[in-house]
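Visitor: I am new here. Could you show me the structure and explain the words used for it?

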Amino acid sequence: GTLSAANAAVNCGVETFVFISTDKAVRPTNTMGATKRFSEITLQALSKNQKLTRFMMVRFGNVLDSSGSVIPLFNKQIKEGGPLTVTDKEIVRYFMTISEAVELVIQAGAMGEGGDIFVLNMGDPVRIYDLALKMIKLSGLEILDETNPNGDIEIIFTGLRPGEKLYEELLVSGDVSETKHSLIMRAVEDIIDWSELEPILKSLEEAVIKANHQKIRELLIKIVPQFKPQSKIVDILFKD
């Protein structure tokens, strides 16, 4: 999908193409993160292979109050009287507001030269359990637990889901350079030449057409060697 959009941009003479990536692309433990990293690699290779369109990637973590954020979920659970569900007491995530993310993505797109991977400075990670506690208190309620049996809202721990990490990272190699914007950094990552990547992309397309999920996973691991799958759920999903 990313390659199709990128090729369309080149064919239509689009000047700037900004790809929204994620911290889950760094040492991914699930397929979504691996495909995001694969997309980054593809756009970097394509950027080196042509000069018409500037391809840039912006990698960041969670956006507060977005559709996939934990904030709307906690609000809904509080309105329903609880409990609030947290996967693990020690799980932490990076957060920024929608307006911050949008502004920084636009600025990163303006300063990119082509093939850049930008990483947004998201400050210190937030413990999800602490966020749940704060939201309960901001709602004028008290936590229900062993020390406060007369409280209003309970927090329960559901356990990490397959492929979910306690904490996310923003860099693969750890190498980063500053830009003229204090909240935008440039990551230094390995780049694969288009000549090496193109046949793998063709093999991936064939595997997708044939619904060969085992081959798809093998190709993802080949291009993203940091990909360490923690679930075989894909075998269940594609079983006849």
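Guide: Here is a short tour in questions and answers. This is a predicted model, where local features need pLDDT of at least 70 and side-chain atom pairs count only at pLDDT 80 or more, while totals for chains, interfaces and linings use all residues. Residues are numbered from 1 along each chain as its sequence is written, and side-chain values use heavy atoms, with hydrogens and water left out.

Visitor: Why is Y129 called buried?

Guide: Buried means under 20% relative accessible area, exposed over 50%, and partly exposed in between (1.4 Å probe, protein chains only). Y129 has 12% relative accessibility, so Y129 counts as buried.

Visitor: And what does F157 count as?

Guide: F157 has 41% relative accessibility, so F157 counts as partly exposed.

Visitor: What makes Y129 and F157 an aromatic pair, and why is the pair called tilted?

Guide: Rings of Phe, Tyr and Trp (its six-membered ring) pair if their centres lie within 6.5 Å; planes under 30 degrees apart count as stacked, over 60 as edge-to-face and the rest as tilted. Here the centres are 5.8 Å apart and the planes meet at 40°, so the pair is tilted. Y129 sits in helix 5 and F157 in strand 10, 28 residues apart; helices (H or I, at least four residues) and strands (E, at least two) are DSSP runs, numbered from the N terminus.

Visitor: How do you know that the buried residues of helix 7 line one face?

Guide: In helix 7, H213, I216, R217, L219, L220 and I223 are buried. Seen down the helix axis, the buried residues of helix 7 fall within an arc of 160°, so they line one face; the arc is that of the directions from the axis to the C-beta atoms.
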